[in-house]
Amino acid sequence: LEAIGFKVTPLLCRVRWGKKPDEETAFTHMCLKVEVEGEGEYLADVGFAGTNSIEPIPLDAASVPHALSDGTWWTEERDGYV
C-alpha cells in the first residue's frame with residue numbers, strides 16, 4: 001500500500017470475535033490504518049480469514065455502526081473499541 005502512495009500505520013489489535021463485551025483478550029493480531037487522501041482513515045485487516053474483514057472499514061465516528069457488504073456489522077463495543 002505504501003508503494004502505491006497510501007500512508008499506512010501498523011496497529012496491534014485484540015481479536016474480539018465471539019467474545020463477551022467485558023472479556024479481556026491479549027494483543028495478538030495486527031491490522032493496518034490506511035489514510036486515503038481526501039476520504040479519511042480506514043481499518044484494513046487483511047490477515048483475518050474467512051468472511052471477516054472483506055473490505056476496509058472507515059474509522060470516522062459517523063461510520064460506527066457500519067454495515068459491510070456481506071451483511072455483517074462493525075459497532076462500538078465499549079470505550080471506543082470496535
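Select Pro 10 and Leu 32 to begin: Leu 32, in β2, is the bridge partner of Pro 10. The model is a predicted one, in which local features need pLDDT of at least 70, side-chain atom pairs count only at pLDDT 80 or more, and totals for chains, interfaces and linings use all residues. Residues are numbered from 1 along each chain as its sequence is written, and side-chain values use heavy atoms, with hydrogens and water left out.

Next, select residues 27-36, which form β2. Strands here are DSSP runs (E, at least two residues), numbered from the N terminus, and two of them pair if DSSP finds at least two bridges between them. β1 and β2 pair in the antiparallel sense over 8 bridges. Another bridge to display joins Cys 13 to His 29 in β2.

Move on to residues 40-44, strand β3. β2 and β3 run antiparallel and are joined by 5 bridges. Glu 35 stands opposite Glu 41 of β3. In the hairpin of these two strands, 3 residues lie between them, and Gly 38 takes a positive phi near 85°.

Now show the whole sheet. It is open, with 4 strands in the order β1-β2-β3-β4 and antiparallel pairing. β1 (7-14) and β4 (57-58) each have a single partner strand, so one side of each lacks a neighbour in the sheet.

Finish with the cysteines. Cys 13 is buried (under 20% relative accessible area, 1.4 Å probe, protein chains only), at 14%. Cys 31 is also buried, at 4%. A search of the whole structure finds 0 disulfides, a disulfide being a pair of cysteine sulfur atoms within 2.5 Å.

Terms used: Buried means under 20% relative accessible area, exposed over 50%, partly exposed in between (1.4 Å probe, protein chains only).
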